[in-house]
Amino acid sequence: MAKEKYIIELRNLTKSFDGVKVVDSINLKIKENEFVTLLGPSGCGKTTTLRMIGGFEEPDEGEILFEGKLLNPVPPYKRNINTVFQRYALFPHMNVFENVAFGLRIKKLPKDEIEERVEKMLRMMDLEKFGKRHVDSLSGGQQQRVAIARALVNEPKVLLLDEPLGALDLKLRKEMQIELLDMQRSVGITFIYVTHDQEEALTMSDTVVVMNEGHIQQVGTPEDIYNEPTNRFVADFIGESNIIEATMLEDRKVMFDGRVFDCVDTGFGTNVPVDVVIRPEDLQIVTDPEKGMIRGTVTSVVFKGVHYEMLIENEYREYMVHSTLMFPEETQVGMNVQPFDIHVMKKEGYG
Amino acid sequence: MKRMRILAYPYSVWMAIFIVVPLILVFLYSFTEGDIRNLAQLKFSTRSYERVSEPIYLKVIVNSFILATLSTLFCLALGYPVAMIVARANPKVRSMLLMFLIVPMWMNFLLRTYAWMSILSPNGFLNRLLEFFGLPRLEIMPGKTAVLLGMIYNFLPFMILPIYTVLSKIDKQYLEAASDLGANKTRTFFKIILPLSIPGVVSGITMVFLPAVSTFVISGLLGGGKTPLIGDLIEQQFMWEGNWHFGSSLSIILMVMILISMAIMSRIDRDGKQDENGHAKA
């Protein structure tokens with residue numbers, strides 16, 4: 001394959017507020033037409049990173065490259081990047097049409113071209129009837145679409161989205177996630193998306209960048225991030241998981257809860273303390289405790305719709321298990337786990 | 001909520017006694033002639049209104065409006081940039097600047113005007129300063145220029161404060177969004193900041209124009225009686241001439257003119273919003 005083209009590159013990007021490093025030496029390469037999500041808890045530096053790319057915050061150190069050229073000294077109004085703001089920031093003194101037309105009017109395009117492009121964008125967003133409406137009279141979902149239309153009509157090379165679905169209810173969120181994804185595919189623009197919602201990140205992204213306390217924890221496809229978290233933080237943040245302190249005896253052999261388990265991980269060395277992740281849905285419950293690798297007692301059962309969430313306690317710890325079968329409290333059960341469902345991670349202090 | 005209404009009764013009574021009744025009396029006097037102490041024998045007459053239309057008095061009214069309009073325009077031109085500087089300053093500097101604006105208002109209005117007299121008078125501070133540098137003397141007091149300066153000085157804070165309040169409430173995200181969409185600072189100002197600050201400008205204009213058009217102390221002290229304003233004329237009729245009928249008609253005329261100006265201003269303010277609301281119903 002040919003050498004991949006990066007549209008945005010962050011090099012040692014650092015930013016402090018009041019002496020606290022919010023973003024600490026971040027390095028990241030973003031490909032053209034990629035849907036990249038910066039994911040992390042609030043205060044992890046994801047929004048600050050986005051704002052530096054947009055030009056609203058100046059980095060203390062490090063470089064931002066846009067198509068290989070240094071972007072740092074370029075003011076936001078000269079960057080070929082547009083932003084969908086968290087609270088949309090629609091201009092309250094303009095109607096929907098004028099909001100969307102703003103960027104084109106600034107560029108002093110001919111009147112009929114502006115009209116044509118805005119109309120087209122409004123049609124694409126299902127907003128053609130709302131052109132003359134005042135922005136305050138729109139619902140949250142409609143305002144959100146206006147904000148996206150206002151950014152996309154300028155045909156930017158990169159679209160920055162700062163938790164754009166945060167203010168919407170769950171059902172609308174799910175719909176908009178799919179709409180946004182379709183849109184990104186059809187317009188072929190690089191999306192850099194910020195969210196704290198791990199499910200949203202996994203659903204939409206080509207690449208997920210997990211951040212915590214100003215550092216990038218892991219970069220990878222949603223599958224990688226979910227299945228092969230590199231550390232406790234990522235495992236804990238992405239979905240529910242059982243994180244177990246264990247000892248890697250040798251390649252493909254890991255010991256915890258007083259017994260040796262087969263696994264597929266290699267290269268950790270011998271007799272090394274490690275963390276093991278087992279997703280709740282990867283533990284299979286068997287009624288006969290003797291037939292399970294791990295034995296325990298059910299201590300709590302919660303119905304979650306598709307599955308039951310059970311807590312099963314043994315002498316070492318408590319396991320969270322998701323199963324479509326229900327085992328009442330106080331039942332003695334056994335649990336089995338497949339070797340490839342045991343994910344071994346290097347032990348490292350976080351948080 | 002309903003119970004709280006009772007708290008408004010004292011004010012209603014106050015309003016009735018000290019606002020409604022006097023207004024009715026002023027209206028009554030303006031359309032009558034005769035002994036003002038004996039309401040029963042007052043006769044209907046439009047003579048005081050006819051007197052208002054005499055050239056000498058019309059000139060006073062026109063003068064008042066020109067001076068009030070000028071001082072409002074100067075206050076706007078000086079006040080808007082100041083309001084912007086204050087709104088953009090960091091919190092510490094901002095509260096200091098606001099103090100500078102507000103502290104002079106703690107001093108009596110008359111005292112401040114006397115201070116201007118001692119600066120502007122023929123042998124005042126300004127002329128001595130000019131002399132010191134070998135520059136020609138300025139004969140601006142008594143005169144219109146001195147009155148205008150006094151008005152601008154006294155009413156400037158009333159322009160700055162409402163504009164500052166509106167400017168400081170404009171969400172920074174709008175400015176970032178404008179910049180994101182390609183607008184530089186100048187265009188962001190004209191397309192976003194200025195239109196969003198119109199309500200502040202309108203209330204600033206109202207708060208300066210109304211006292212400016214009816215002022216009488218400033219013109220008396222700094223104008224030396226050479227350029228009487230409508231306020232001076234009214235004072236004269238009530239205090240010295242004892243012609244309450246003429247004074248009342250002048251007051252009514254002033255009131256009507258102020259009401260008209262206010263109606264125009266609120267129309268401008270509403271138009272700004274109606275542009276969107278009107279469309280919203282479409």
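Is E116(A) buried or exposed? In this predicted model, E116(A) is exposed, with a relative accessible area of 58%. The residue sits in helix α3 of chain A. E116(A) also belongs to a negative surface patch, together with D112(A), E115(A), E119(A), D126(A), E128(A), E179(A) and D182(A). Two helices of chain A, α3 (111–124) and α5 (170–187), each supply at least two residues of this patch. The largest share comes from α3(A), with 4 residues.

The chain that carries this patch has 8 helices and 20 strands. Its C-alpha trace spans about 80 × 45 × 40 Å along the principal axes. Chain A has 351 residues, and 52% of them count as buried.

Strand β14 (residues 272–278) of chain A illustrates the buried part. In this strand, 5 of the 7 residues are buried, so β14(A) is largely enclosed by the rest of the structure. The strand has pairing partners in β11(A) and β20(A). Strand β11 (residues 242–250) runs antiparallel to β14(A), and 7 bridges join the two. Within this pairing, N242(A) has I278(A) as its bridge partner. Strand β20 (residues 343–346) also pairs with β14(A) in the antiparallel sense, here over 4 bridges. On that side, V277(A) stands opposite H343(A).

A further set of paired strands is formed by β16, β17 and β18 of chain A. Strand β16 (residues 294–303) and strand β17 (residues 308–313) are antiparallel and pair over 6 bridges. V301(A) is matched with M310(A) of β17(A) as its bridge partner. The hairpin of β16(A) and β17(A) has 4 residues between the strands. In this hairpin, G305(A) takes a positive phi near 100 degrees. Strand β17(A) is in turn joined to strand β18 (residues 318–323) by 6 bridges, again in an antiparallel arrangement. These two strands form a hairpin with 4 residues between them. M310(A) recurs here: this residue of β17(A) stands opposite V321(A) in β18(A). M310(A) is therefore the bridge partner of V301(A) and also faces V321(A).Backbone geometry in chain A also deserves attention. Most residues other than glycine have a negative phi. Two loop residues depart from this pattern, E67(A) and Y88(A). E67(A) is not a glycine, yet its phi is positive, at about 50 degrees. It lies in the loop between β4 (61–66) and β5 (69–70) of chain A. E67(A) is partly exposed, with a relative accessible area of 30%. For Y88(A), also a residue other than glycine, phi is positive and near 70 degrees. Y88(A) is found in the loop between β6 (81–84) and α2 (96–106) of chain A. What is the relative accessible area of Y88(A)? The value is 6%, and Y88(A) is buried because this falls under 20%.

Chain B carries a surface patch of nonpolar residues. The patch has an area of about 1000 Å². Its members are Y11(B), V13(B), W14(B), M15(B), I17(B), F18(B), I19(B), V20(B), L23(B), I24(B) and M255(B). Helix α1 (residues 9–30) of chain B gives the largest share, with 10 residues. V20(B) is one of the patch residues and lies in helix α1. V20(B) is partly exposed, with a relative accessible area of 40%.

Elsewhere in chain B, helix α11 (residues 230–241) has buried residues. These are I230(B), G231(B), D232(B), L233(B), I234(B) and Q237(B). The residue that follows α11(B) is G242(B), and its phi is positive, near 70 degrees.

A89(B) is found in the loop between α3 (55–88) and α4 (91–106) of chain B. A89(B) is buried, with a relative accessible area of 15%. In sequence, A89(B) and S168(B) are 79 residues apart. In space, their C-alpha atoms are 9.9 Å apart.

Methods: Residues numbered from 1 in each chain as written. Chains lettered and ligands numbered in written order. Predicted model: local features only at pLDDT ≥ 70, side-chain atom pairs only at ≥ 80, totals over all residues. Heavy atoms only, no water. Patch = residues over 30% accessible without salt bridge, like charges linked within 9 Å, V, L, I, M, F, W, Y side chains within 5 Å. Areas by Shrake-Rupley, 256 points an atom, 1.4 Å probe, with all protein chains shown as cover. Salt bridge = Lys/Arg side-chain N within 4 Å of Asp/Glu carboxyl O. Lys, Arg positive; Asp, Glu negative; His and termini not counted. Charge placed at Lys NZ, Arg CZ, Asp CG, Glu CD. Buried < 20%, exposed > 50% of the residue type's maximum accessible area, 1.4 Å probe, protein only. Pairing = 2+ DSSP bridges.
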